[in-house]
Protein chains: 4
Amino acid sequence: MIIVMAPGHTEAHREAVTRRIEELGYKTHPIFGVERTVLAAVGHEDKTPLESLQSMPGVEAVIPILKPFKLASSEYRKTPTFVDVGGEAVGGRRLAIMAGPCAVEDEAQMMECAAAARKHGARFLRGGAFKPRTSPYSFQGLEEEGLRFMQAADAHGLKVVTELISVNDLELIEAYADMIQIGARNAQNFSLLKVAGRSKLPILLKRGMAQTAREYLMAAEYILSEGNYDVVLCERGIRTFEDSTRNTLDLSAVPVIKSQCHLPVIVDPSHAAGTWRLVPPLARAAIAVGADGLIFEIHPRPQDAVSDGPQSLKFDTFAAMMEDVRRIAEAMGRTI
Amino acid sequence: MIIVMAPGHTEAHREAVTRRIEELGYKTHPIFGVERTVLAAVGHEDKTPLESLQSMPGVEAVIPILKPFKLASSEYRKTPTFVDVGGEAVGGRRLAIMAGPCAVEDEAQMMECAAAARKHGARFLRGGAFKPRTSPYSFQGLEEEGLRFMQAADAHGLKVVTELISVNDLELIEAYADMIQIGARNAQNFSLLKVAGRSKLPILLKRGMAQTAREYLMAAEYILSEGNYDVVLCERGIRTFEDSTRNTLDLSAVPVIKSQCHLPVIVDPSHAAGTWRLVPPLARAAIAVGADGLIFEIHPRPQDAVSDGPQSLKFDTFAAMMEDVRRIAEAMGRTI
Amino acid sequence: MIIVMAPGHTEAHREAVTRRIEELGYKTHPIFGVERTVLAAVGHEDKTPLESLQSMPGVEAVIPILKPFKLASSEYRKTPTFVDVGGEAVGGRRLAIMAGPCAVEDEAQMMECAAAARKHGARFLRGGAFKPRTSPYSFQGLEEEGLRFMQAADAHGLKVVTELISVNDLELIEAYADMIQIGARNAQNFSLLKVAGRSKLPILLKRGMAQTAREYLMAAEYILSEGNYDVVLCERGIRTFEDSTRNTLDLSAVPVIKSQCHLPVIVDPSHAAGTWRLVPPLARAAIAVGADGLIFEIHPRPQDAVSDGPQSLKFDTFAAMMEDVRRIAEAMGRTI
Amino acid sequence: MIIVMAPGHTEAHREAVTRRIEELGYKTHPIFGVERTVLAAVGHEDKTPLESLQSMPGVEAVIPILKPFKLASSEYRKTPTFVDVGGEAVGGRRLAIMAGPCAVEDEAQMMECAAAARKHGARFLRGGAFKPRTSPYSFQGLEEEGLRFMQAADAHGLKVVTELISVNDLELIEAYADMIQIGARNAQNFSLLKVAGRSKLPILLKRGMAQTAREYLMAAEYILSEGNYDVVLCERGIRTFEDSTRNTLDLSAVPVIKSQCHLPVIVDPSHAAGTWRLVPPLARAAIAVGADGLIFEIHPRPQDAVSDGPQSLKFDTFAAMMEDVRRIAEAMGRTI
């Protein structure tokens, strides 16, 4: 940590700060600059909260040097992680394509979606049985019945990805799913992250709408620190002033995260866009920027969908998009 | 709802959309403008998801007219709600002042804080026994022991406000608290909101860092729709590009919310500011903009705090701030 | 326009609003909904400012239906525009690659950059002779001398793109450049936009850091409405809370704009990223999302650059990146 | 500056960086931490661009210690500045109240506004004769005729504040105005800032919608560095995701700026709010947070205004608001 002393601080201030730093187990190195004096504190930064020094008289700022995540860091593990989802890998040369409806509605819908997903190159079937909806009056999901309908995946050799929204549903989800999604609205629900960290299933952790890349990796760290190392990250758009899309897809986050973290990163173009027309170009861009896969929404009849109809792809658009994605994947030296 | 047809749509498109709207139980009124045709759909907007019409060919946009919240709305209840917290009212002429440390650390700290809080005009003692921390390696709270230390409130006639972070801790929290806080990171944790809606205790619901005012009221609606009408709202800063504060305190949200909603609104200047120096001016501004109270952090020795030291007020600053707040309150025709 | 009447408005309110709308040259259609009454105003929306009706008693909201830009709109011109820059086209199948240093420093630097740009597929040489710098103490550019050094472009058959920052420099810039850049910080400097609209040269208009896509197209409309139809748009990052990049590159803006506007759109990955390491992945993504070209920064020795060194590519990275970009371009059916 | 070396850097990397720092005129102090090595560079930070070191192999980050503004800094001038506007002070105990219409429309309108402004405590008449409008088809201002109508101020002893939008209009504006406004859209139009810095009149510099507090002070520094020390700052709202207001008024910016800068700071609640109903509460809050004054829009008949009608106050609301503002001012030990 670097402690910047304020202009006009006294020697007594500096001594008090130095004493406090050393009490906390660090060594100090003062550096007397032309306009500022700084104290470099050398020690294990994760141990004690030097931020509190900011309250001491004469202190202008406390600047951390180290990144606050460990297990998620590419310093901790130097090669990219492959996450095994029921025998299918996420990470590596082959892209992970996850398709399905926003909400599970009925068995026929899931069978249609699973068949289309399989046909056009997906290896994973997504679908929500527990839906975190902005309005309490919106459809909240079919719950266990919905999970049963997701077994449509089996007939087509797909793996099931579905969202966990309450700590008490873990066992139920584990009984049906191959991979557990933690949604953007729960990205800082630390109780849920800890429970996910104790699951035997791999986790798909979506980025929160207001999370910096650093905070997002800290959320992953919660899961890893409980012992579950099978975490796949997913950029899905952040909150900005731009209102022509539902969220702003932050594709820079993919290389930013990959430069600091060994976990696979996929992209959800549907929730960022909010409209199906933007999903194909954003899906192509996601692969070109280096993502390890895609998760997006398809529906046999989007105009009848109970949730997120406007951003769901019809099957013919899905098929055409996958042709384009395949070409971009090849240009990137990857396969589907 | 207003459905805007795209330029170049065909009559068949318009007929299909009209048919679909009517199937969904609405009546349609077409309006043929100079450059656009719009279809006004008349009916109970909360019933069926017209947004899905956006997927139909020939549709440019679907514009809702009604606000999506009901029970929280000032159309539903035309006079401001007073929330009873163990005999103390929030809302109304007298301001609700809630002070205490970020995290409960030990009994002495809580006794000191309770005495100071009482002395300078607070009626509520805040403090966290379960801490939602960005890092899994940060102090996570004393849990039940911390709740016991909060009983320091009793000796000084203060009401206890503390945060619930997991659906499974509800009974434990209810055994010790007078008011349950739902934190900003759980503002869209709908499972937790539903549990809060079934509690017999009043709820302090903090605004999420990426929530629009409208989405925030929808989160309150989750609690109300489960039968708990005792909800106090709390603006605490939103995520913006500005980095000289931890978050940007959105004081406009106070009159915005009060123009649409009957619930009391208080302000947390500590978490928005991130530094104690900004807390007094923001506290004064919060009262001047029309807030019904304040919640903020105090600590006997901020430089030793295990959490949020930099933004905690020392007792002398707290005392001086309350003098200023009192004068602003009087100018607003309110008391402390 | 749709005028939404407030709950509780009187008939007199509605009559007054109706009268005012009709005075302003519109016809009105009232629609009596279950919970709201709306007045549809039919007429030429661009004529008179119905927004002011919001001040009238009984009015809840005024909702525009039409997009406010005309000449930039794909309704006005249904086929994509190709912009001719000194004989080189921007728009169309062949990508426009613009490379060069942030600031022109000396003749040798420009000769080296021009040679490298040509060698690796660029058709345009960028470089700033007038620099809009955040600090008045930073290097402000070589001015006319810098423009002379940009003639290095000629020897390599490149076109010159350089920024105009003051209405009084137009003639000087026109004497040396093939294309005039209007920078992000001047994206709402309407005096400068009008002057650009009167130039005989094509304009490269960068998006402002806080401009919505709609406002950005309005800025383009300023140039078009003065008679200069040769405008190329450029997404270069918007301001968000994310701090691991200098700005957040909003790649969704490319298909969003292309769905509404006939002008070519290129992408600047350098200024969004703020660090050279992110430029290659973002450049690939920009082509995959459908951009018509790229503009980015190269420098023979970035560590010695007087401006934007951290985001400038060395020539070997530039060369490698162009190989990747070429493969993505082919996958998109385009060439370099 | 602090240069953080990357994990895995070699001694040769460190030596090359050290050599480069010393070539640039700094001394280096290496500090070998537990997980990172940092190099502290001691010297005059404003001289040379150490940021470029970020391009060198082995460098992880470059962290500046000093604030980049000098003349605007409270280290440069330790007491608050009073700005003299034609004999009226801005800054100090007495608040500066600036009222008037968004756009000058005709002589009668200006006479009515001037009379109302004077009556209710304003000392300054604002009004735009040159209007920076988002759409080229919106009213662009009466230009010199509008400036003539602003002489209505004289009859009521008010000072004239009006906006400069082009470097070529300076002399014309100087002939009529007492204070020159630089608007939010020109906050990083550095050519215009330099021209303002050479004016003999005081400058009202509005904050840009996407400017951090630090960048805003750098914009002020442009004016000061040209020799014009009479600068008043004005917070007017920043761009965020919240859409119930036109912009988000960042009242924290007032104490943030005052802790770093000696210039007066006023607040514009009208442009932030976008609707007149929010202007009175935000005006009260601005005074309570410590602002030195207010600038806002009034209009005799807002529903007929050619610009910004929805956010203009009618005279009776203006009068009532000033009563409240006066009470808050007294509570703050200030007068109107």
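This tour moves through a predicted model, with a selection to make at each stop.

**Stop 1: the domains of chain A**

Select chain A and colour residues 2-63 and 83-331 separately. According to the domain assignment, residues 2-63 form domain 1 and residues 83-331 form domain 2. The centres of domain 1 and domain 2 of chain A, taken over C-alpha atoms, are separated by 44 Å.

**Stop 2: a four-stranded sheet in chain D**

Move to chain D and display the strands β1 to β4 as a cartoon. They make an open sheet in the order β2-β3-β1-β4, and the pairing is antiparallel. At the edges stand β2 (27-32) and β4 (59-63) of chain D; each has a single partner strand, so one side of each lacks a neighbour in the sheet. From one strand to the next, the twist averages 20°.

Select residues 27-32 and 37-42 of chain D next. The second of these stretches is β3(D), which runs antiparallel to β2(D) and is joined to it by six bridges. For one such pair, label D:His29, whose bridge partner in β3(D) is D:Ala40.

Now add residues 11-23 of chain D, which form helix α1. This helix packs on the sheet and touches β1 (2-5), β2, β3 and β4 of chain D. The direction of α1(D) makes about 10° with that of β3(D).

**Stop 3: a buried strand in chain D**

Select residues 293-297 of chain D, strand β14. Are its residues buried or exposed? Five of the five are buried, so β14(D) is largely enclosed by the rest of the structure. With side chains shown, D:Gly293, D:Ile295 and D:Glu297 point one way from the strand, whereas D:Leu294 and D:Phe296 point the other way.

Add residues 96-100 of chain D to see a partner strand. These residues form β7(D), which pairs with β14(D) in the parallel sense over five bridges. Within this pairing, D:Ala99 stands opposite D:Phe296.

**Stop 4: chains B and C**

Hide chain D and show chains B and C together. A turn of 180°, with a shift of 0.0 Å along the axis, lays chain B on chain C with an RMSD of 0.0 Å. The two copies are thus related as by a two-fold rotation axis. To locate this axis, select B:Phe241: of the residues of chain B, its C-alpha comes closest, at 2.1 Å. Both copies use the same surface, since 100% of the contact residues of chain B recur in chain C.

Which residues meet here? In this interface, 22 residues of chain B are in contact with 22 residues of chain C. On the side of chain B, β1 (2-5), β2 (27-32) and β3 (37-42) each supply at least two residues. The largest share, three residues, comes from β3(B). Coloured by class, this side of chain B shows twelve nonpolar, five polar and five charged residues.

**Stop 5: chains C and A**

Keep chain C and bring back chain A. Here 35 residues of chain C are in contact with 34 residues of chain A. On the side of chain C, select α7 (213-225), α8 (253-260), α9 (269-273), α10 (279-289) and α11 (315-331), the elements that give two or more residues to this contact. Helix α10(C) provides the largest share, seven residues. By class, the side of chain C that touches chain A has 19 nonpolar, eight polar and eight charged residues.

Notes:
Residues are numbered from 1 along each chain as its sequence is written. Chains are lettered from A and ligands numbered from 1 in the order in which they are written. This is a predicted model: local features need pLDDT of at least 70, side-chain atom pairs count only at pLDDT 80 or more; totals for chains, interfaces and linings use all residues. Two strands pair if DSSP finds at least two bridges between them. Axes are lines fitted to C-alpha atoms, for helices over the stretch in contact, and angles run from 0 to 180 degrees between N-to-C directions. Two residues are in contact if their C-beta atoms, placed from the backbone, lie within 7 Å. A residue is buried if 20 or more other C-beta atoms lie within 10 Å of its own, exposed if 12 or fewer, and partly exposed in between; C-beta atoms are placed from the backbone. Copies are superposed by least squares on the C-alpha atoms of residues with pLDDT of at least 70 in both. Ala, Val, Leu, Ile, Met, Phe, Trp, Tyr, Cys and Pro count as nonpolar, Asp, Glu, Lys and Arg as charged, and the others, Gly among them, as polar. Domain bounds come from an automatic or database domain assignment.
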